[in-house]
Amino acid sequence: MRFISSVLIVFLFFLLLSGCSPKKTTDEHGKYSCMMPDSINPNGSSELAKLMRNMHSHAAQLRDNLMNDMSLDTFPVSFQKIYTAKATDSTVRSNAFDGFTENYLNSLQNLYSVKDGASRKHAFNEMVDQCISCHNQYCTGPVKMISKLKIGEAGK
């Protein structure tokens, strides 16, 4: 009897561990059925949320480079994944979202093509504005944090 209860406990423990693996499966609403917690979001982060955090970090680095008249790194081709990255909420995917995505990527490409320092700062702010426009429609939480990226009139 003791052996059977031990086996049952081990089996239940195994089911518990395998029930929430970092697989990217979705439920009927398109949400991850088992997102794993991370250091930013204890409820787990979608592929799109992680990509956007990388985009914010990249923008902060670009801002620092522009403020210090340093060159920009290469264009982040990995950001093209925004078109296909899985969102926390699958209803985000729409023609409007794709339009915001295209506007963002175009403004980022424009920033990398501008050579003049003052024009680059203006192009950077336009890119930040594209982020804010989208987030005003889809996920307003980060708007305040994104707005802080803007470079002021005096270059601050």
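This tour moves through a predicted model, naming at each stop what to select and what is found there.

**The whole chain**

Begin with the complete chain, coloured by secondary structure. Five helices and zero strands are present, and the order of elements from the N terminus is α-α-α-α-α. Of the 156 residues in the chain, 31% are buried. Among contacts with a separation of 6 or more, 55% are made by residues 24 or more positions apart.

**Helix α4**

Select residues 117-137, which form α4. With 21 residues at 1.5 Å a residue, α4 should span 30 Å; the C-alpha atoms at its ends are 31 Å apart, which agrees.

Next, display the side chains of the buried residues of α4: Arg120, Ala123, Phe124, Asn125, Met127, Val128, Cys131, Ile132, Cys134 and His135. An α-helix has 3.6 residues a turn, so residues three or four places apart point the same way. The cover over these buried residues includes α2, α3 and α5.

Pause at Asn125, in helix α4. Asn125 has a relative accessible area of 13%, and because the limit for a buried residue is under 20%, Asn125 counts as buried. Leaving aside residues up to four places away in sequence, Asn125 touches Lys150 and Ile151.

**Helix α2 against α4**

Add residues 47-67, the helix α2. Two packed helices are described by the angle between their axes and the distance between the axes. For α2 and α4, the axes come within 11 Å and cross at roughly 160°. Because angles over 145 degrees count as roughly antiparallel, α2 is roughly antiparallel to α4. The crossing of this pair, α2 and α4, is left-handed.

To see the contact, show Met52, Ala59, Leu62, Arg63 and Leu66 on the α2 side, which meet Arg120, Lys121, Phe124, Met127 and His135 on the α4 side.

**Helix α2 against α3**

Keep α2 in view and add α3, residues 95-113. The axes of α2 and α3 come within 13 Å and cross at roughly 25°. That angle makes α2 roughly parallel to α3. Here too the crossing is left-handed, as α2 passes α3. From α2, the contact is made by Leu48, Met52, Met55, His58, Leu62 and Leu66, and from α3 by Phe97, Tyr104, Leu108, Leu111 and Tyr112.

**The loop between α2 and α3**

Two residues in this loop deserve a stop. Select Asp69, which lies in the loop between α2 and α3. Is Asp69 buried or exposed? At 67% relative accessibility, Asp69 counts as exposed. Its backbone is also worth inspecting. Most residues other than glycine have a negative phi, and most peptide bonds are trans. The phi of Asp69, however, is near 50°, a positive value in a residue other than glycine.

Now select Leu72, which also lies in the loop between α2 and α3. Leu72, at 13% relative accessibility, counts as buried. Which residues does Leu72 touch, not counting residues up to four places away in sequence? They are Leu62, Asn65, Leu66, Leu111, Tyr112 and Arg120. For one of these, Leu62, the C-alpha atom is separated from that of Leu72 by 6.6 Å, the two residues being 10 residues apart along the chain.

**The aromatic cluster**

End with the aromatic rings. The structure holds three aromatic pairs. Select Phe97 and Tyr138: their rings form an edge-to-face pair, 5.5 Å centre to centre with 90° between the planes. Phe97 lies in helix α3 and Tyr138 in the loop between α4 and α5 (143-147), so the pair ties together parts that are 41 residues apart in sequence. Phe97 is buried, with a relative accessible area of 2%, whereas Tyr138 is partly exposed, with a relative accessible area of 29%.

Then add Phe100, which forms an edge-to-face aromatic pair with Tyr138, 6.1 Å centre to centre and 85° between the planes. Phe100 lies in helix α3 and Tyr138 in the loop between α4 and α5, so this pair ties together parts that are 38 residues apart in sequence. Phe100 is buried, with a relative accessible area of 19%, a value that falls under the 20% limit for buried residues.

For the final view, display Phe97, Phe100 and Tyr138 together: ring pairs link these residues into a cluster.

Note on methods: Residues are numbered from 1 along each chain as its sequence is written. This is a predicted model: local features need pLDDT of at least 70, side-chain atom pairs count only at pLDDT 80 or more; totals for chains, interfaces and linings use all residues. Side-chain values use heavy atoms; hydrogens and water are left out. Rings of Phe, Tyr and Trp (its six-membered ring) pair if their centres lie within 6.5 Å; planes under 30 degrees apart count as stacked, over 60 as edge-to-face and the rest as tilted. Helices (H or I, at least four residues) and strands (E, at least two) are DSSP runs, numbered from the N terminus. Buried means under 20% relative accessible area, exposed over 50%, partly exposed in between (1.4 Å probe, protein chains only). The expected span of a helix is 1.5 Å times one less than its number of residues. Contact means heavy atoms within 4.5 Å. Axes are lines fitted to C-alpha atoms, for helices over the stretch in contact, and angles run from 0 to 180 degrees between N-to-C directions. Angles under 35 degrees count as roughly parallel, over 145 as roughly antiparallel, 65 to 115 as roughly perpendicular and the rest as oblique. A crossing is left-handed if the near helix is turned anticlockwise from the far one by less than a right angle, and right-handed if clockwise.
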